[in-house]
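Hi everyone, thanks for making the time. Let's take a short walk through one structure together, so please have it up on your screens.

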Amino acid sequence: MNRGRRNLKQAASEQDFTLEECQSIAQVVSLRGSNQIEIMDAKGENSLALFPAKFRESMWIRRGSFVVIDHTGKEKAQESGSKVTSIVCKVLFFEQIRLLQKSPEWPEIFRDAKPVPADESSQIPIPQQGEIDSSDESDDGMPPLEANTNRLRPFGVQCDAETDSGSDSDS
């Protein structure tokens with residue numbers, strides 16, 4: 001059942017699958033880095049899970065994504081003091097989530113969560129012809145610019161003319 005990186009896309013596109021005894025559905029709460037993610041399981045408990053390296057270059061997850069986790073060694077990991085208690089087995093996509101929400105396997109705690117298709121979230125909304133103001137004609141339909149928070153703003157340079165005019169009025 002464990003497929004390598006070659007067959008990863010084929011395994012991800014499978015529409016119908018069943019959860020095994022040691023598997024459950026969880027929602028990604030935050031990304032911790034170095035292949036660790038914080039998840040919320042069906043009981044509402046937060047824990048850390050390992051995101052295997054085979055998914056690293058081919059699948060991306062973000063906050064709110066749903067994954068299938070394997071928690072076979074959860075008790076053993078908690079006894080030994082390890083913070084990582086489960087491993088991600090599968091990343092669920094929009095179509096798979098929709099099918100699972102209709103099945104009894106979907107946890108009640110996630111019933112109200114709506115899956116966001118990757119296509120809708122990654123696109124910038126484009127205003128329709130009627131939505132464009134006459135004042136935005138100089139923008140040629142471009143979205144407004146946002147401030148670049150990655151750069152520090154240099155201090156404003158004072159002009160010599162402004163300082164000269166102030167000193168002239170004093171004398």
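When I say contact today, I mean heavy atoms within 4.5 Å. Please also keep in mind that this is a predicted model.

Let's begin at Ser24, which sits in strand 1, residues 23-33. Is Ser24 buried or exposed? Its relative accessibility is 17%, so Ser24 counts as buried, given that buried means under 20%. And what is Ser24 in contact with, leaving aside its neighbours within four places in sequence? Those partners are Leu19, Val67, Val68, Ile69 and His71.

Some of those names fall in a strand you can find on screen: strand 4 covers residues 66-70. Strand 1 and strand 4 run antiparallel and are joined by 5 bridges. Right beside our serine, Gln23 has Asp70 as its bridge partner in strand 4.

Strand 1 also pairs with strand 2, residues 36-40, again in the antiparallel sense and over 5 bridges. In that pairing, Val28 stands opposite Ile39. The two strands form a hairpin with 2 residues between them, and Ser34 in the turn has a positive phi of about 50 degrees.

Now, cysteines, since I know someone will ask. How many disulfides are there? The count comes to 0. Cys22 is in no disulfide, and the nearest cysteine sulfur belongs to Cys89. Why no bond for Cys89? Its sulfur is 6.9 Å from the one in Cys22, which is too far, because a disulfide needs the sulfur atoms within 2.5 Å. As for accessibility, Cys22 is partly exposed at 22%, and Cys89 is partly exposed at 28%.

That's my tour, and I'm happy to chat.

Definitions and conventions:
Residues numbered from 1 in each chain as written. Predicted model: local features only at pLDDT ≥ 70, side-chain atom pairs only at ≥ 80, totals over all residues. Heavy atoms only, no water. Helix = DSSP H or I, 4+ residues; strand = E, 2+ residues; numbered from the N terminus. Buried < 20%, exposed > 50% of the residue type's maximum accessible area, 1.4 Å probe, protein only. Pairing = 2+ DSSP bridges.
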